[in-house]
Structure formats: structure tokens, C-alpha cells
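Good morning, and thank you for making time for this presentation. Please look at the sequence and the structure as they appear on the screen.

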Amino acid sequence: MALKVDKDLCTGCGLCAQICPEVFEIGDDGYSHVKRGADEDLPCVDEAMDQCPVGAISR
Ligand code: SF4
């Protein structure tokens, strides 16, 4: 499964991008995106998944 952000759930709070800026960024649409070519196995990905207040990050 590929890492992804559910845009129907994401509020654009930016927490994941703070926790794991190597992987997540807030796009022009105001929602979080997985950066192209990002290392999805970084430990901070799991932390961001745990910390997302709406559970929008999955894989
Ligand atoms: S932490 Fe969750 S709600 Fe906040 S920007 Fe990231 S994916 Fe969206």
C-alpha cells in the first residue's frame, strides 16, 4: 500500500508537515500531500500518522 492522505478527511492543519517535513507538505490546495520521491519508511511517518487529529494518513 502506498502512503496517502485522504483529502476528504484532511483539514490542512499542517501538523504532519511539522512532524515529518521530509515526507509531507501542504499543497496549493491547502491539504497535505506526500512529497514525490519521499522516503515513506522514515520513522516520522508513523509519528505523523499517529498524531494526525483526523486520521487522514494511511498506508
Ligand atoms: S496532520 Fe492530518 S489533518 Fe493535519 S495536515 Fe496532516 S493529514 Fe491533514
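By class, how many nonpolar, polar and charged residues does the shell around the ligand have? The shell has ten nonpolar residues, four polar residues and no charged ones. Here Ala, Val, Leu, Ile, Met, Phe, Trp, Tyr, Cys and Pro count as nonpolar, Asp, Glu, Lys and Arg as charged, and the others, Gly among them, as polar.

Before going further, I should say that this is a predicted model, in which local features need pLDDT of at least 70, side-chain atom pairs count only at pLDDT 80 or more, and totals for chains, interfaces and linings use all residues. Residues are numbered from 1 along each chain as its sequence is written.

To return to the ligand: 14 residues surround it, and those that come nearest are Cys10, Cys13, Leu15, Cys16 and Cys52. A residue is near a molecule if its C-beta atom, placed from the backbone, lies within 6 Å of it.

I turn now to the fold. The chain has two helices and four strands, in the order β-α-β-β-α-β from the N terminus. These elements are DSSP runs numbered from the N terminus, with helices being H or I of at least four residues and strands being E of at least two.

What about overall dimensions? The C-alpha trace spans about 25 × 20 × 20 Å along its principal axes. The radius of gyration of the chain, 10 Å, agrees with the value near 10 Å that a compact globule of 59 residues would have. That radius is taken over C-alpha atoms, and the globule rule is 2.2 Å times the number of residues to the power 0.38.

Next, the interior. Of the 59 residues, 19% are buried; buried requires 20 or more other C-beta atoms within 10 Å of a residue's own, exposed 12 or fewer, and partly exposed lies in between, with C-beta atoms placed from the backbone.

The largest nonpolar core comprises ten residues, among them Cys10, Cys16, Phe24, Ala48 and Cys52. Such a core is a set of buried Ala, Val, Leu, Ile, Met, Phe, Trp, Tyr and Cys residues joined through C-beta atoms within 7 Å. Leaving aside residues up to four places away in sequence, Phe24 touches Cys16, Ala17, Ser32, Val34, Lys35 and Ala48, contact meaning C-beta atoms, placed from the backbone, within 7 Å.

Finally, two loop residues. Gly14 lies between strand 1 (4–5) and helix 1, and Pro21 between helix 1 (15–19) and strand 2 (24–26). Gly14 counts as partly exposed because 13 C-beta neighbours lie inside 10 Å. Pro21 is also partly exposed, with 13 other C-beta atoms within 10 Å.

Technical notes. Contact = placed C-beta atoms within 7 Å.
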